[in-house]
Amino acid sequence: MKVGFVGLGVMGAPMALNILKHGHELTVYDKSPEAVARLVQAGAKQAHTAREVGAASDIVVTMLPEPQHVEQVVLGPDGLA
């Protein structure tokens with residue numbers, strides 16, 4: 001399965017790593033280049049926008065701190081929708 005993940009912070013990064021560990025293709029995006037680099041090093045593919053994550057994925061998981069962040073990632077200029 002092609003999984004996308006947006007939000008690679010304290011909770012998101014371990015969850016994303018677990019998805020990789022179980023053999024799924026993973027595309028990731030986060031505002032932190034360092035967080036993305038750690039997941040890419042583990043085998044994920046990098047996206048430069050949330051829209052790229054959506055285009056590359058069958059399903060997308062978001063792990064974001066506040067409702068306004070979800071709204072921006074989904075409905076913003078380069079959002080999932």
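Which side chains meet in a salt bridge at 3.9 Å, N to O? In this predicted model, they are the side chains of arginine 51 and aspartate 78. The pair links distant parts of the chain, since arginine 51 belongs to helix H3 (residues 50-56) while aspartate 78 sits in the segment after helix H4 (67-75), 27 residues apart. Arginine 51 is partly exposed, with a relative accessible area of 42%, and aspartate 78 is likewise partly exposed, its relative accessible area being 45%.

A search of the whole structure finds two salt bridges, and the other one joins lysine 45 to glutamate 25, with the closest N and O atoms 3.0 Å apart. Because lysine 45 lies in strand E3 (residues 45-46) and glutamate 25 in strand E2 (residues 25-29), this pair ties together parts that are 20 residues apart in sequence. Lysine 45 is partly exposed, at a relative accessible area of 45%, and glutamate 25 is partly exposed as well, at 33%.

From these charged pairs the reader may turn to the largest pocket, which holds about 450 Å³ of space. Its lining is made up of 23 residues, and those that lie nearest the centre of the pocket are Val6, Lys31, Leu64, His69 and Val73. Helix H4, the helix that aspartate 78 follows in the chain, gives the most to the lining of the largest pocket, contributing three residues. Sorted by character, the lining of the largest pocket comprises 11 nonpolar residues, nine polar ones and three charged ones.

Definitions and conventions. Residues are numbered from 1 along each chain as its sequence is written. This is a predicted model: local features need pLDDT of at least 70, side-chain atom pairs count only at pLDDT 80 or more; totals for chains, interfaces and linings use all residues. Side-chain values use heavy atoms; hydrogens and water are left out. A salt bridge is a side-chain nitrogen of Lys or Arg within 4 Å of a carboxyl oxygen of Asp or Glu. Helices (H or I, at least four residues) and strands (E, at least two) are DSSP runs, numbered from the N terminus. Buried means under 20% relative accessible area, exposed over 50%, partly exposed in between (1.4 Å probe, protein chains only). On a 1 Å grid over the protein atoms alone, a cavity is a set of points where a 1.4 Å probe fits but cannot get out, and a pocket is an open set with protein on both sides within 12 Å along at least five of seven lines; lining residues have an atom within 4 Å of a point. Grid points are joined across faces, edges and corners, and a volume is the space filled by probe spheres set on the points. Ala, Val, Leu, Ile, Met, Phe, Trp, Tyr, Cys and Pro count as nonpolar, Asp, Glu, Lys and Arg as charged, and the others, Gly among them, as polar.
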